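Here is my notebook from a session with this model. Pull up a chair and have the viewer open while you read.

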Amino acid sequence: MTKKMKVASIVAMGKNRVIGLDNQMMWHIPSEFNHYRGLLGDHYFVIGRKNYDGSHHKLNMEKALVLTRNCDYECESSIFYSPQEAIEFARDRGETELFVLGGEEIYRTFMPLIDTLYLSIVDIDQPGDAYFPPHENYSWHKKRHFKVPKNSNEETPIDWEFFELEKN
Ligand SMILES: NC(=O)c1ccc[n+]([C@@H]2O[C@H](COP(=O)([O-])OP(=O)(O)OC[C@H]3O[C@@H](n4cnc5c(N)ncnc54)[C@H](OP(=O)(O)O)[C@@H]3O)[C@@H](O)[C@H]2O)c1
């Protein structure tokens, strides 16, 4: 029997749930980003067209499943016109854990499907124009939690903490 593919989401949000401004991240925290990359590994990931266009592509873009509604859109990664198409593509390739990397619209769309949420909370509460949707509308249990205090080297310029939450 084939194993069910899990759907996971990774996000870093401020204390006010902010995740971005002008289609960019609002902080640079190498320790958080390295942790994020470690979790993502070599899994397939779903990414919104805006996030894809705004990011600096520090990830393995061969594994990016880019969502757009624009049939004329072109990029070097695989393009999909609906969430279901992207999910099926990953499942057909034997993926065990598909990652949802945002942005806001993509997180909102996939929230009902998320099994595991890898959530970093960054000690920032400045306003932005993209926010993480309310995951508290679902019931979760905490599998992991740790805090990373800021330090004097450049790895952690801002306090952040991490939660691994599994949907009940
Ligand atoms: N802090 C974090 O962890 C984090 C992570 C990721 C992103 N972000 C931030 O989030 C912001 C971007 O979020 P966003 O909400 O503006 O954009 P987004 O979610 O990245 O992309 C939205 C676009 O995805 C496509 N799309 C959305 N739903 C679709 C569907 N059901 N079917 C087909 N295509 C669909 C559409 O593309 P078309 O317009 O081409 O049709 C839509 O305009 C940026 O500021 C970014 O930095 C932060």
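The entries below go from the ligand to a helix and then to the strands.

**Ground rules.** I worked on a predicted model, where local features need pLDDT of at least 70, side-chain atom pairs count only at pLDDT 80 or more, and totals for chains, interfaces and linings use all residues. Residues are numbered from 1 along each chain as its sequence is written. I took helices (H or I, at least four residues) and strands (E, at least two) as DSSP runs, numbered from the N terminus.

**Ligand.** I looked up the residues near the ligand (C-beta atom, placed from the backbone, within 6 Å of it). There are 29 residues around the ligand, and Gly 20, Gly 48, Asn 51, Gly 102 and Gly 103 come nearest. I then asked which elements supply at least two residues of this shell. I found strand 1 (6-14), strand 2 (18-20), helix 2 (49-54) and helix 4 (104-110). By class, I noted 12 nonpolar, 12 polar and five charged residues in the shell. Here Ala, Val, Leu, Ile, Met, Phe, Trp, Tyr, Cys and Pro count as nonpolar, Asp, Glu, Lys and Arg as charged, and the others, Gly among them, as polar.

**Helix 3.** Next I checked burial (buried: 20 or more other C-beta atoms within 10 Å of a residue's own; exposed: 12 or fewer; partly exposed in between; C-beta atoms placed from the backbone). In helix 3 (residues 83-92), I found Ala 86, Ile 87 and Ala 90 buried. Down the helix axis, the buried residues of helix 3 fall within an arc of 100 degrees, so they line one face; the arc is that of the directions from the axis to the C-beta atoms. Gln 84 and Asp 92, on the other side of helix 3, are exposed. Just after helix 3, I saw that Gly 94 takes a positive phi of about 80 degrees.

**Strand 3.** I saw Phe 45 and Ile 47 point one way from strand 3, and Val 46 and Gly 48 the other way, all of them buried. For pairing, I required at least two DSSP bridges between two strands. Strand 3 runs parallel to strand 4 over four bridges, with Leu 67 in strand 4 as the bridge partner of Gly 48. Strand 3 also pairs in the parallel sense with strand 6, over two bridges, and there Val 46 stands opposite Val 100.

**Strand 10.** Which way do strand 7 (residues 116-122) and strand 10 (residues 160-167) run, parallel or antiparallel? They run antiparallel, joined by seven bridges, and Tyr 118 has Glu 164 as its bridge partner. Strand 9 (residues 140-148) pairs with strand 10 in the antiparallel sense too, over eight bridges, with Phe 146 partnered by Phe 162.
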